[in-house]
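Please open the model in your viewer and keep the selection tool at hand, since each stop below begins with something to pick out.

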Amino acid sequence: MKPNRRRRLITFLKALGADLTAKEGVDAALAAILTTHILKGAPSQNAVAQAKDAIVNLAAERANPPKVEVANG
Amino acid sequence: MADPYFFQSLNLTGFRAYLQPKTFDFSKKRCLAIFAPNGSGKSSVVDALEFMFSKDGTLERLGQRAINNKAGPIALAHNLAEEAQIAPAVAISVISGKDVTNGSRVAAGAKRVIPAVATTVNACFSVSPIIRGHALRTFVEIHTPEERYADVAKWLQLGPLVEVQKNLRSLRSQIKIAAENETALQRVDTQLARETNQAVKSWNAAAVLFHASSPVRNATARNSSAPSR
């Protein structure tokens, strides 16, 4: 693939990630995970596993929100 | 935006089916189709274009040179070119705006250097300019829908996007498996049950009174069941 072509595709993927993250109604944290791991011109070998772990961690965080400290007295 | 390039002319000399110099003038008509009987040299015109813009100065369909064949770059030249002492070559002329640029590429010998104009025009192609008939036939008649999709992606050089799509599909299936994991769901159910064991689901005055008075009732029950002295 020609360098120009590859550069344009990478720019497109970056713009797609930014657009998705900023879009109303889209889970911004989830979009950020996709942008970081998947929407890349040259994703790492274990990009899918990393993205899955990040999503599972996000789900776990949301399932166990930090407990509100109650002041005594 | 820069002016597009248009072919002005294409010249073949000692190249493929054309021994004597032959010039095709494209300056009057920009849309072009070639009709001619078999063996007239239609493919040689397309060959000349592929050769001119090829990185290595060859044609994909010529295959590899071996001891027992005449494949590879040697097949670029007309069979009689050497005997007729004609140097095989292809020349093009392109126009961009008002600027006309010419370039020529020798089709024999080890060094078949690509001319500057071909390099410049080559950089403008976003899609491969040559798609052969056999590739289209295979595409339509033999390939599965998945293979056709891969072909189109390859022709349009969408490799990175196809990779992204493949990764998204894989991620979706893995997340689905993780979300439907029974063990994890049971663990959450157990945790939820444990943590909400004492929760009051709805206000029931009688039940609350019953619960609150349970220590008294228990003590009373113990006392009444204890042996009297």
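For the tour's first stop a cut-off is needed: a residue counts as exposed if 12 or fewer other C-beta atoms lie within 10 Å of its own, and as buried if 20 or more do. Keep in mind throughout that this is a predicted model.

Select Gln85(B), which is found in the loop between α1 (42-53) and β3 (89-96) of chain B. Is Gln85(B) buried or exposed? Because Gln85(B) has 7 C-beta neighbours inside 10 Å, it counts as exposed. Its backbone also deserves a look, as Gln85(B) has a positive phi of about 55 degrees although it is not a glycine. For background, most residues other than glycine have a negative phi.

Next select Arg16(B), in the loop between β1 (5-13) and β2 (22-25) of chain B. Arg16(B) likewise is not a glycine and has a positive phi, of about 50 degrees. With 25 C-beta neighbours inside 10 Å, however, Arg16(B) counts as buried.

Now display the strands of chain B, where an open sheet of 4 strands follows the order β2-β1-β3-β4 with antiparallel pairing. Why is one side of β2 and of β4 (99-106) of chain B left without a neighbour in the sheet? Both strands stand at the edges, and each has a single partner strand, so nothing in the sheet flanks the other side. Direction ignored, neighbouring strands of this sheet are turned by 15 degrees against each other on average.

Stay with the sheet and pick β1(B) together with β3(B), an antiparallel pair joined by 8 bridges. Within this pair, Phe7(B) stands opposite Val94(B) of β3(B), and Thr13(B) has Ala89(B) in β3(B) as its bridge partner. Then turn to β1(B) and β2(B), which also run antiparallel and are joined by 4 bridges; here Asn11(B) stands opposite Thr23(B) in β2(B).

With the sheet still shown, add helix α2 (residues 116-124) of chain B, which lies across β1, β3 and β4 of chain B and runs at about 110 degrees to β4(B).

Finally, bring chain A into view and select the residues where the two chains meet: 15 residues of chain B are in contact with 17 residues of chain A. Which helix gives the largest share of the chain B side? Helix α5 (residues 159-179) of chain B does, with 12 residues. Coloured by residue type, the side of chain B that touches chain A divides into 8 nonpolar, 6 polar and 1 charged.

Technical notes:
Residues are numbered from 1 along each chain as its sequence is written. Chains are lettered from A and ligands numbered from 1 in the order in which they are written. This is a predicted model: local features need pLDDT of at least 70, side-chain atom pairs count only at pLDDT 80 or more; totals for chains, interfaces and linings use all residues. Two residues are in contact if their C-beta atoms, placed from the backbone, lie within 7 Å. Helices (H or I, at least four residues) and strands (E, at least two) are DSSP runs, numbered from the N terminus. Ala, Val, Leu, Ile, Met, Phe, Trp, Tyr, Cys and Pro count as nonpolar, Asp, Glu, Lys and Arg as charged, and the others, Gly among them, as polar. Two strands pair if DSSP finds at least two bridges between them. Axes are lines fitted to C-alpha atoms, for helices over the stretch in contact, and angles run from 0 to 180 degrees between N-to-C directions.
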